[in-house]
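Visitor: I've got a model here and would like a quick tour. Could you walk me through it?

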Amino acid sequence: MICSMTGYAVKNRDVERGSLQIELKSVNSRYLDFHFRVAEDLRALEMPLRELLSARLSRGKVECRLSFNPAAARAEQLQLNGELLATLQSLSDQVRTGMPDAAPLSVNEVLRWPGMFGDQGVDFAALGPEVLALAREALDDFTASRGREGDKLAAMILDRVKAMRDIVGRVAPRIPEAQALFTDKLRQRLVEALGNASDDRILQEVAVFATRIDVAEELSRLTTHLDEVERVLKQGGACGKRLDFLMQELNREANTLGSKSAITDVSQASMDLKLLIEQMREQIQNLE
């Protein structure tokens with residue numbers, strides 16, 4: 001499967017006293033780059049999450065958000081921890097005796113104190129298996145979305161490969177005729193310019209010119225590189241870097257084709273090929 005580096009997935013799961021949510025999204029990047037936004041109480045799970053994602057992903061700037069949303073408790077279910085409340089009161093009195101200017105604990109601070117509602121607290125350490133199970137579900141959706149995007153990009157690349165083959169197929173038959181025509185013209189001009197110069201001198205100059213405008217090798221290499229692009233896409237997997245290298249090779253051949261052009265059709269073919277290559281390169285930049 002061909003995967004894009006662009007993807008998105010979000011998953012929710014109800015757990016005791018609340019719900020978990022994990023969100024994954026990514027954009028293209030040269031390397032695998034993680035950015036975690038994890039609730040402080042679940043910070044210990046960042047490393048297991050990183051290992052889980054690294055095992056399935058190879059490139060992309062990936063953002064992972066993990067949050068816990070506590071369930072709203074009804075007022076009649078809430079019970080203050082009297083023993084803890086008394087301890088806080090005692091400690092507060094001691095502090096203010098030694099430090100009269102110290103601010104007293106606010107009601108909000110007291111209510112948010114760990115353990116103030118007894119067993120209403122959440123055992124975040126026990127949520128580890130739930131979080132990882134949820135992360136696997138999200139990762140499945142995430143890779144599926146990247147795969148769908150990758151299939152679309154691969155189809156667009158193959159369309160351009162076909163267009164490049166059509167250009168090569170249209171130009172290649174005209175090359176021998178164009179070479180013969182231009183070498184004949186050159187021979188006539190050399191005879192007119194050199195007058196009684198030896199036939200060997202003229203033939204030598206014509207041969208050098210014929211070599212300079214011979215683009216058969218460039219067309220052959222273009223076809224070979226296009227074959228490799230199709231092979232890489234068919235093979236699937238992480239192929240963005242390999243395809244980017246092939247775009248460089250294709251562009252080199254297209255440039256050489258233009259520089260050696262002896263007829264307008266070849267010059268136009270070179271420009272058309274470079275445009276298609278640039279379009280493919282833009283799409284390949286999003287492939288994993």
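**Two helices and an aromatic pair**

Guide: Sure, and keep in mind that this is a predicted model. Let's start with helix α7 (residues 216-235) and helix α8 (residues 240-259), whose axes come within 10 Å and cross at roughly 165 degrees.

Visitor: Are α7 and α8 roughly parallel or roughly antiparallel to each other?

Guide: Their axes cross at roughly 165 degrees. Angles over 145 degrees count as roughly antiparallel, so α7 and α8 are roughly antiparallel.

Visitor: Is the crossing of α7 and α8 left-handed or right-handed?

Guide: Let's stay with that same pair, α7 and α8. Their crossing is left-handed.

Visitor: And how many nonpolar residues are in the contact of α7 with α8?

Guide: On the α7 side, the contact includes Leu219, Leu222 and Val229, while α8 brings in Leu243, Leu246 and Met247, among others. Sorted by class, there are 6 charged residues and 2 polar ones, and the nonpolar count is 12.

Visitor: Is histidine 225 buried or exposed?

Guide: Histidine 225 sits in helix α7. Leaving aside neighbours within four places in sequence, histidine 225 touches Glu249, Leu250 and Glu253. Its relative accessible area is 13%, and under 20% means buried, so histidine 225 is buried.

Visitor: What kind of aromatic pair do phenylalanine 34 and phenylalanine 36 form?

Guide: Searching the whole structure turns up 1 aromatic pair. Phenylalanine 34 is buried at 12% relative accessible area, and phenylalanine 36 is buried too, at 10%. Their ring centres are 5.7 Å apart, with 40 degrees between the planes, and the pair is tilted.

Methods
Residues are numbered from 1 along each chain as its sequence is written. This is a predicted model: local features need pLDDT of at least 70, side-chain atom pairs count only at pLDDT 80 or more; totals for chains, interfaces and linings use all residues. Side-chain values use heavy atoms; hydrogens and water are left out. Axes are lines fitted to C-alpha atoms, for helices over the stretch in contact, and angles run from 0 to 180 degrees between N-to-C directions. Helices (H or I, at least four residues) and strands (E, at least two) are DSSP runs, numbered from the N terminus. Angles under 35 degrees count as roughly parallel, over 145 as roughly antiparallel, 65 to 115 as roughly perpendicular and the rest as oblique. A crossing is left-handed if the near helix is turned anticlockwise from the far one by less than a right angle, and right-handed if clockwise. Contact means heavy atoms within 4.5 Å. Ala, Val, Leu, Ile, Met, Phe, Trp, Tyr, Cys and Pro count as nonpolar, Asp, Glu, Lys and Arg as charged, and the others, Gly among them, as polar. Rings of Phe, Tyr and Trp (its six-membered ring) pair if their centres lie within 6.5 Å; planes under 30 degrees apart count as stacked, over 60 as edge-to-face and the rest as tilted. Buried means under 20% relative accessible area, exposed over 50%, partly exposed in between (1.4 Å probe, protein chains only).
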